[in-house]
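Colleague: I've got this model open and I'd like to take a slow walk around one small part of it. Could you pick a piece of sheet, show me who sits across from whom, and then zoom out bit by bit?

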Amino acid sequence: MTPRWQLETTGLIYGEESRATVVEPVGRLTRLFENGRALSLGLTLDAITGASPTGALPTGQVVTTTSASGHTTTSSADATPTHPFQDFRGAVDLGWEEPLGTLVNATTSAHYSQEKDYASLGGGLKTSVDLLNRRFTLTVGGGVNRDRVFPVGGTAQGLASDTAARIPGDNPKQVVTGLVGLSHVMSRRWLMGVTASQARETGYLTDPYKVISLVDPVTQLPVAQVTEKRPSERKRADVLGSSVYHLEHDILYVNYRYYWDDWGVRSHTVDVKVRHDLSETSWLQPHVRLYGQSPAQFYVFGLTHGPPLPEFASADERLGPLRTATVGATYGFHVPGSPGEFTVRGEYILQWLVGQSAPQAANTTVGGNGLRGAAQAAGDDQGGGGRPFGTNIGSLLIGYTVAF
Amino acid sequence: MNTRRWLLAALLLAGLGISGCATVHPWDRDLLAKKSMRFVPLPHETAVDDHIYFSKEGSTGGMDAAGGGCGCN
């Protein structure tokens with residue numbers, strides 16, 4: 001009998017060394033109808049606790065930080081300052097798949113997610129057409145998100161003292177995305193595809209909780225801090241190349257993505273997996289992912305105290321010269337006598353910043369090495385050009401998929 | 001500069017087209033019919049990864065056209 005339902009469940013446990021911990025259960029139920037139609041409902045819950053870097057440089061002193069909700073954390077003299085946070089996110093999404101004839105497939109989706117300081121409502125459409133005896137598949141899609149940002153404690157004024165009065169209320173953010181892709185059956189055992197996508201974000205794109213250290217030009221030590229400020233528009237684009245190749249026994253997956261945006265971030269991502277069948281009922285899939293990005297034009301380690309501030313600035317390491325390396329493996333297996341497939345995945349992620357001259361201190365007179373020096377003077381024992389803001393991350397993902 | 005990048009993408013797409021001379025008959029599609037021969041064989045893993053890297057890196061994008069969430073922390 002053809003299955004009429006499919007259930008996918010996963011549970012993620014994610015932990016950053018001395019920072020955030022995430023527990024995320026996800027469930028997706030799909031009703032499979034005759035002639036290929038399918039309706040799916042997905043539910044995601046996220047419980048996040050821990051601490052996040054504020055963007056400030058190490059101060060050389062013990063620092064106690066209090067979040068808007070009243071939680072406090074204490075940072076040692078050589079530690080990257082962090083702010084404590086706790087959040088809970090719920091998300092629901094709906095998808096409808098509709099074959100239009102034998103060669104065309106259309107998918108419509110909608111989602112809503114809500115957390116303490118952010119809500120996202122969006123929808124998307126995607127259509128695929130099989131061409132030339134199904135040797136090619138052309139995909140065209142697009143989506144719109146209408147989000148709202150309502151920071152805890154109000155919205156900070158950009159590049160103002162972090163103790164200045166905050167403005168209550170919502171900040172709108174809109175994201176419009178589009179993609180076009182072409183995949184091709186290269187041979188009996190080889191599939192290749194290229195997908196190009198673009199996105200335009202407008203509205204409130206600043207991180208409401210990040211700050212930037214103001215550094216004394218003489219002592220090179222942080223003496224104050226201001227909130228960050230980013231432009232209200234961002235145009236992103238990327239090209240993704242994918243290959244799936246069936247070797248004699250194993251399957252090799254290779255993905256490469258080149259990304260660029262008008263904030264100056266450029267990135268390369270390489271992702272390689274190999275699926276190796278251990279038996280008829282179990283398999284192992286090692287995974288390696290390498291990622292490198294250039295910093296945004298307005299990324300700074302810190303700003304000089306005294307001269308006028310630039311129009312935009314952020315010390316968020318996610319806009320810096322960031323590198324990510326991921327290694328891990330998924331083990332998949334069927335339990336004898338029961339339906340469905342279990343998967344267990346463990347991964348280790350290392351993130352770090354690079355570059356002696358990475359800081360672009362906008363219109364300030366303090367160069368990158370000076371600010372790096374400030375970090376080192378404040379007790380950073382990792383060394384310049386190393387990984388002063390490096391993070392060790394571990395994750396465990398357990399999944400179960402069954403059709404019935 | 002952007003035009004050059006899009007030209008590169010177009011060339012890649014054209015490359016796929018030119019290399020499409022080999023015919024794979026329906027009866028040769030035994031391997032391709034496997035679920036594990038999809039570009040995204042484990043969608044639940046990919047969805048989780050997209051959310052992790054969206055929150056931890058400055059880039060987004062890939063196979064899908066929509067997303068959601070703050071990623072502030």
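Modeller: Sure, let's start with one pair. A:Ser213 has A:Gln225 as its bridge partner in strand 13 of chain A. Move along a little and A:Leu214 is bridged to A:Ala224, again in strand 13 of chain A. Keep in mind that this is a predicted model.

Those pairs belong to a longer run of contacts. Strand 12 of chain A, residues 211-215, is joined to strand 13 of chain A by 5 bridges, and the two run antiparallel. The two strands also make a hairpin, with 6 residues between them. In that turn, A:Gln220 has a positive phi of about 65 degrees.

Now look at the other neighbour. Strand 12 of chain A pairs with strand 18 of chain A too, this time in the parallel sense, over 2 bridges. There, A:Leu214 stands opposite A:Leu303 of strand 18 of chain A.

Put the pieces together and you get an open sheet of 3 strands in chain A, in the order 13-12-18, with mixed pairing. Strand 13 (222-227) and strand 18 (303-304) of chain A are the edges: each has a single partner strand, so one side of each has no neighbour in the sheet.

How many residues of strand 12 of chain A are buried? The count is 5 of its 5 residues, so the strand is mostly covered; here a residue is called buried if 20 or more other C-beta atoms lie within 10 Å of its own. Next, think about which way the side chains go. In a regular strand they alternate between the two faces of the sheet. In strand 12 of chain A, A:Val211, A:Ser213 and A:Val215 point one way, A:Ile212 and A:Leu214 point the other way, and all are buried.

For contrast, try some spots elsewhere in chain A. A:Asn35 is in the loop between strand 2 and strand 3 (38-53) of chain A. Its phi is near 45 degrees, which is positive even though the residue is not a glycine. Is A:Asn35 buried or exposed? A:Asn35 is exposed, because just 7 other C-beta atoms lie within 10 Å, and the cut-off for exposed is 12 or fewer.

A:Arg134 makes a nice companion. You'll find A:Arg134 in the loop between strand 8 (118-131) and strand 9 (136-149) of chain A, and its phi is near 65 degrees, another positive value in a residue other than glycine. A:Arg134 has 14 other C-beta atoms within 10 Å, so A:Arg134 counts as partly exposed. A:Glu115, in strand 7 (residues 104-115) of chain A, is partly exposed as well, with 19 other C-beta atoms within 10 Å. The C-alpha atoms of A:Glu115 and A:Phe88 are separated by 5.7 Å, although the two residues are 27 apart along the chain.

Zooming out, chain A has 1 helix and 21 strands, and 38% of its 404 residues count as buried. Take the contacts in chain A between residues at least 6 apart in sequence: 61% of them join residues at least 24 apart.

Then there's chain B, with 2 helices and 0 strands. Of its 73 residues, 36% are buried. The two chains meet through 35 residues of chain B in contact with 77 residues of chain A. On that side of chain B, helix 1 (2-18) and helix 2 (43-56) each supply at least two residues. The residues there divide into 18 nonpolar, 12 polar and 5 charged.

Helix 2 of chain B is worth a quick check. Its 14 residues should span 20 Å at 1.5 Å a residue, and its end C-alpha atoms are indeed 20 Å apart. Its buried residues include B:His44, B:Ala47, B:Val48 and B:His51. The buried residues of this helix pack against five strands of chain A, among them strand 1 (5-16) and strand 21 (391-403).

Finally, the confidence. The model scores ipTM 0.86 and pTM 0.86. Chain A averages a pLDDT of 88, while chain B averages 73, with 51% of the residues scoring at least 70. Among the elements of chain A, strand 17 (residues 282-293) has the highest mean pLDDT, 98, and helix 1 (residues 368-377) has the lowest, 41. Over residues 356-387 of chain A, pLDDT stays under 50.

Conventions: Residues are numbered from 1 along each chain as its sequence is written. Chains are lettered from A and ligands numbered from 1 in the order in which they are written. This is a predicted model: local features need pLDDT of at least 70, side-chain atom pairs count only at pLDDT 80 or more; totals for chains, interfaces and linings use all residues. Two residues are in contact if their C-beta atoms, placed from the backbone, lie within 7 Å. Helices (H or I, at least four residues) and strands (E, at least two) are DSSP runs, numbered from the N terminus. Ala, Val, Leu, Ile, Met, Phe, Trp, Tyr, Cys and Pro count as nonpolar, Asp, Glu, Lys and Arg as charged, and the others, Gly among them, as polar. The expected span of a helix is 1.5 Å times one less than its number of residues. Two strands pair if DSSP finds at least two bridges between them. pLDDT is the predictor's confidence in each residue, from 0 to 100.
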